[in-house]
Amino acid sequence: MSTAVTEKLPAHTLDAISFGKIVQIREGLLRAQATGKRVIRFESGDPSFSIAPHVAEAIAAAMRAGKTHYVPNDGIPELRAALADKLRQKNGIKGATAEQVFLTNGAMHALYVTFGALLAPGDEVILPDPMWTEVAENVKLAGGKPVGVPVRAEEGYAYRPDAIQAAITPHTRAIFLNTPHNPTGAVMPRETLEAIVALARKHDLWIVSDEAYEDVIYEPHVHHSVASLAGDWAERVISVYSFSKSHAMSGLRTGYLHTPWPLLQRRVQKLLRCTINGVNSLAQWGALAAVTGPQEPLQAMRAEYRQRRDVLVKALEGIPGVRPFTPRGAFYVWAELEPSLYSRLDVPNADALSARLAAQGIGSAPGDAFGHSCENAIRFAFSCDTKMVLEGAELLRAALLGGTSR
């Protein structure tokens with residue numbers, strides 16, 4: 001199709017959606033890797049672990065049994081029931097039922113469905129800044145407006161209720177929260193979550209809670225599901241979960257959301273029907289095994305993540321102009337960058353630094369990929385395998401001290 005023809009298309013919501021800096025960085029590194037170059041995958045939040053043996057066997061058994069046909073739009077009954085049980089017992093969400101649980105094509109799809117079912121054009125959603133890019137993009141796709149509330153290094157990246165209060169307008173529809181937090185690794189304490197519930201109640205707002213990293217958390221920190229603290233306001237909480245991070249099932253694209261609100265449930269069902277009409281059947285049987293089977297793999301992964309975290313944080317500590325934050329959850333190290341670092345390395349900003357590192361085969365994600373208040377920061381993921389973290393930490397330290405990884 002000629003350019004002249006395509007330029008006649010009217011403006012579209014999608015025209016305002018980015019291609020995502022992280023995706024572009026990842027694609028470049030994958031191209032380099034395909035040519036045989038050494039690449040350190042510090043840009044990607046893809047768990048390096050294989051799925052647990054009992055999950056793999058459940059998928060294979062489902063295939064052998066011919067469970068490869070259409071499945072119920074909202075998820076197979078066995079899995080919805082098991083997830084409701086998990087939500088009651090593990091997350092403390094009293095009264096959760098199978099009818100309130102909906103399977104999605106990963107947590108990203110759950111966010112797309114959630115905002116699509118919740119928002120009217122012009123509705124505002126308050127979210128932390130920095131934040132995983134696709135949250136704001138999905139708000140926009142639903143016709144909404146993301147409103148960022150900066151979280152600061154000097155405050156441990158706390159999502160402060162008073163700052164949220166200041167951002168509320170007559171157009172605010174929901175408060176979004178993510179704990180553990182991507183990209184900083186901050187974890188929200190119970191008191192903060194309770195204060196956010198009080199704000200939502202006072203202003204008649206919804207809460208959308210992204211808990212994809214609920215199992216990637218490091219002692220003494222504890223994950224709290226906000227719906228478990230909301231009392232009767234739990235009806236106005238939409239909770240989003242993923243098998244990608246907890247169970248290393250990222251390629252199987254299985255997530256789910258929970259909502260007790262009947263009208264929202266009907267809207268979610270319609271969006272599911274019109275987008276996927278059911279999550280991959282084999283993946284759902286694998287997810288059932290993951291949630292009902294042995295949970296020791298979660299503990300083993302968490303222990304190894306902690307080892308990787310400590311290696312990477314140690315490598316970044318003491319580098320002039322780099323201030324890393326030790327994550328309390330998730331698998332990212334977020335580091336603030338000072339002007340002295342740019343001057344010393346002769347780069348103008350974090351974008352240019354990330355590009356230089358990529359040219360040296362070291363992945364990263366610049367701060368402005370996550371919001372508007374964090375351009376002088378950079379994120380490094382330690383979800384790649386431990387050997388790569390050990391090797392990459394040394395190469396990264398050398399590069400940021402002014403040396404080279406080649």
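**View 1. P366 stands opposite I378 in strand β11.** This is a predicted model, in which local features need pLDDT of at least 70 and side-chain atom pairs count only at pLDDT 80 or more, while totals for chains, interfaces and linings use all residues. Residues are numbered from 1 along each chain as its sequence is written, and side-chain values use heavy atoms, with hydrogens and water left out. Helices (H or I, at least four residues) and strands (E, at least two) are DSSP runs, numbered from the N terminus. P366 belongs to strand β10 (residues 365-366), which runs antiparallel to β11 and is joined to β11 by two bridges. Strands are said to pair if DSSP finds at least two bridges between them. β11 also pairs with strand β9 (residues 332-337), again in the antiparallel sense, over five bridges. On that side, A335 is the residue standing opposite I378.

**View 2. Strand β11 (residues 377-381) is mostly covered.** Five of its five residues are buried. Here buried means under 20% relative accessible area, exposed means over 50%, and partly exposed is in between (1.4 Å probe, protein chains only). Look along the strand and you'll find A377, R379 and A381 pointing one way. I378 and F380 point the other way, and they are buried too.

**View 3. Strand β6 (residues 237-242) sits under good cover, with six of its six residues buried.** V237, S239 and Y241 go one way from β6, while I238, V240 and S242 go the other. β6 pairs with strand β5 (residues 206-210) in the parallel sense over four bridges. To find your way into that pairing, start at I207, whose bridge partner in β6 is V237. β6 also pairs with strand β7 (residues 255-258), this time in the antiparallel sense, over four bridges. There, S242 has G255 of β7 as its bridge partner.

**View 4. Helix α3 (residues 53-64) has a buried side made up of V55, A58, I59 and A62.** These buried residues cover an arc of only 95 degrees around the axis, so they end up on the same side of α3. (The arc is that of the directions from the helix axis to the C-beta atoms.) They pack against α11 (281-292), where contact means heavy atoms within 4.5 Å. Turn to the face of α3 away from the buried side and you meet the exposed residues P53 and R64. With its 12 residues, α3 reaches 16 Å from its first C-alpha to its last, close to the 16 Å expected at 1.5 Å a residue. That expected span is 1.5 Å times one less than the number of residues in the helix. After α3 comes G66, which has a positive phi, near 75 degrees.

**View 5. I164 lies in helix α7 (residues 161-167).** I164 counts as buried because its relative accessibility is 0%. Leaving aside neighbours within four places in sequence, I164 is in contact with I126, V149, Y159, I175, I196 and L199. Take I196 as one example: I164 and I196 are 32 residues apart in sequence, yet 8.2 Å apart in space, C-alpha to C-alpha.

**View 6. Two salt bridges sit within helices, K140 with E137 in α6 and E194 with R190 in α8.** A salt bridge is a side-chain nitrogen of Lys or Arg within 4 Å of a carboxyl oxygen of Asp or Glu. In the K140 and E137 pair, the closest N and O atoms are 3.6 Å apart. These two are three residues apart in α6 (residues 133-141), so about one helical turn separates them. K140 is partly exposed at 32% relative accessibility, whereas E137 is buried at 9%. For E194 and R190, the closest N and O atoms are 3.0 Å apart. This pair is four residues apart in α8 (residues 190-203), again about one helical turn. An α-helix has 3.6 residues a turn, so residues three or four places apart point the same way.

**View 7. E338 and R323 meet through their side chains in a salt bridge, 3.0 Å from N to O.** This pair links distant parts of the chain, 15 residues apart: E338 is in the loop between β9 and α13 (339-345), and R323 is in strand β8 (residues 322-325). E338 is partly exposed, with a relative accessible area of 28%, and R323 is partly exposed as well, at 42%. Elsewhere, E155, R160 and D162 are joined into one network by salt bridges that share partners. Searching the whole structure turns up 17 salt bridges.
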